[in-house]
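Subject: Structure handover and what turned up in it

Hi there,

Here is the structure I promised to pass on to you. Please have it open while you read; my notes follow below.

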Amino acid sequence: MAKQSLATKYRPNGFDQLSAQDSVKDILANQIETETFQHAYLFTGPAGCGKTTSARIFANMINKHKGSPIEIDAASNSGVDNIRVIIDDAKKKPLDCEYKCFIIDECHSLSNGAWQALLKLLEESPKYAIFILATTDPQKIPATIISRVQRFQFQKIPTDIIVNRLEYILDQEELTADTDAIKYIAKVSNGGMRDAITLMDKCISLGKELTLDNVLSVIGDYSYNTFMDILTSLCEKNEHCIEIIEQAYNDGQDMKQLLKEFIRFTLDCEKYLLFKNFDIIGLPNTDEIKDYLKNLDIDKIKEVMAILVDLNANIRWDTDPKTSIELMFLKEINS
């Protein structure tokens, strides 16, 4: 039998278990208490911050844990016919609870025809129907829809809260972990609790003790060595950075993504040189990284960052980013 993932096992089933999002939880809980909930909601925010989980919790609270919410994945049910099925279903009085709660996840994927059909449904909502839309991409939602829903903006989850949750899960699972490993997982998850738990689950597969080395092994620490080599080459103005780009291209790496990650790496290096604080950067707190940062020159890093900013702006729509990167790097090492 397949092992249940930690993200599924420790998914909150009540607002008291949901990390962060305090203002959202307070408003929704008050609506439940006063029975003043609306017929349509929109939950927006980054991935893994609790939108769908909150929708499920809220729907269950509305119906006092009777029945189950009806979940629709708009990414695979995006057509007008899919919405028409919902319209027909919404008109039927529920048998085992007071309301039919529909959760439409990734709603930004709906087609124009589907949005028009949904608009009509929201304008004349059936008495027993409540709709909760969730999305990571609210700018794709028509203004006519947004004006008819009560919107809640979910925020990225702070790193320290993610760390606390990971420590709780490890304690429940009777596993040990290095503090640096937990903090690094929390940082690279970029405010997403689900991503953090999923990554930790993957790292644990290497052994019952969670170490920073295990985490870097799972994530792939080769990129840091690559970025350190590129940055050193640019600072010392030698041609090794061109050789690295050529090799990365031959290995099939996406040049725009490589540049994006290298810019993030260089920014982290600059921030560390200015503030001497690993808590505000995304780099792992390893001896190798610390030794590398000690030998960097802040003025040279600023020069490199200046060309990277220009380069990033110039290759946005470039069909041949490799050539642009090499041209800019050559200009820098020959300046």
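The salt-bridge count comes to 12, and do keep in mind for everything below that this is a predicted model. Three of the pairs seem good ones to go through one by one.

Let me start with Lys 100 and Asp 89, whose side chains form a salt bridge with 2.5 Å from N to O. Lys 100 belongs to strand E3 (residues 100–105) and Asp 89 to helix H4 (residues 80–90), so this contact ties together parts that are 11 residues apart in sequence. How do the two ends fare for accessibility? Lys 100 has 13% relative accessibility and therefore counts as buried, the cut-off being under 20%. Asp 89, with a relative accessible area of 24%, is partly exposed.

Next comes the salt bridge between Lys 237 and Glu 332, where the closest N and O atoms are 3.2 Å apart. This pair links distant parts of the chain: Lys 237 sits in the loop between H11 and helix H12 (240–250), while Glu 332 is in helix H16 (residues 321–333), 95 residues apart. Lys 237 is partly exposed at 31% relative accessibility, whereas Glu 332 is buried, its relative accessible area being 9%.

Helix H16 takes part in the third pair too: Lys 322 of helix H16 and Glu 246 of helix H12 tie together parts that are 76 residues apart in sequence. Their side chains meet in a salt bridge with an N to O distance of 3.0 Å. Here Glu 246 is partly exposed, with 32% relative accessible area, and Lys 322 is buried, with 12%. Glu 246 and Lys 322 also belong to a network with Glu 326, joined by salt bridges that share partners.

On to the pockets, which may be of interest to you. The largest pocket has a volume of about 890 Å³. It is lined by 28 residues, and the closest to its centre are Lys 187, Val 188, Tyr 224, Arg 264 and Gly 282. Helix H8 (179–188), helix H11 (222–236) and H13 are the elements that give two or more residues to this lining. Which element gives the most to the lining of the largest pocket? That is H13, with 8 residues. By class, the lining of the largest pocket splits into 13 nonpolar, 7 polar and 8 charged residues.

The second largest pocket has a volume of about 410 Å³. Its lining is made up of 24 residues, and Arg 11, Gly 48, Gly 50, Thr 53 and Arg 194 lie nearest its centre. At least two lining residues come from each of helix H3 (51–62), strand E4 (129–135) and helix H9 (193–204). The lining of the second largest pocket divides into 10 nonpolar, 8 polar and 6 charged residues.

There is also enclosed space to report. The structure holds 1 cavity of 30 Å³ or more, and about 40 Å³ of space lies in the largest cavity. Which residues line the largest cavity? They are Ile 230, Ile 245, Leu 258, Leu 259, Phe 262, Ile 325 and Phe 329. H13 and H16 are the elements that give two or more residues to this lining, and H13 has the largest share, with 3 residues. What classes are found in the lining of the largest cavity? There are 7 nonpolar residues, with no polar and no charged ones.

H13 thus comes up in the lining of the largest pocket and in that of the largest cavity. Helix H13 (residues 255–275) also holds Leu 274, which brings me to the surface. Leu 274, Phe 275 and Ile 280 make up a nonpolar patch there, with about 290 Å² of accessible area together. Leu 274 itself counts as partly exposed because its relative accessibility is 47%, and exposed would need over 50%.

That is what I have for now. Do write back if you would like to go through any of it together.

All the best

Note on methods
Residues are numbered from 1 along each chain as its sequence is written. This is a predicted model: local features need pLDDT of at least 70, side-chain atom pairs count only at pLDDT 80 or more; totals for chains, interfaces and linings use all residues. Side-chain values use heavy atoms; hydrogens and water are left out. Patches are made of residues with over 30% relative accessible area and no salt bridge: like charges are joined within 9 Å, nonpolar side chains (Val, Leu, Ile, Met, Phe, Trp, Tyr) within 5 Å. Accessible areas come from the Shrake-Rupley method with a 1.4 Å probe; for residues, only the protein chains shown count as cover. A salt bridge is a side-chain nitrogen of Lys or Arg within 4 Å of a carboxyl oxygen of Asp or Glu. Helices (H or I, at least four residues) and strands (E, at least two) are DSSP runs, numbered from the N terminus. Buried means under 20% relative accessible area, exposed over 50%, partly exposed in between (1.4 Å probe, protein chains only). On a 1 Å grid over the protein atoms alone, a cavity is a set of points where a 1.4 Å probe fits but cannot get out, and a pocket is an open set with protein on both sides within 12 Å along at least five of seven lines; lining residues have an atom within 4 Å of a point. Grid points are joined across faces, edges and corners, and a volume is the space filled by probe spheres set on the points. Ala, Val, Leu, Ile, Met, Phe, Trp, Tyr, Cys and Pro count as nonpolar, Asp, Glu, Lys and Arg as charged, and the others, Gly among them, as polar.
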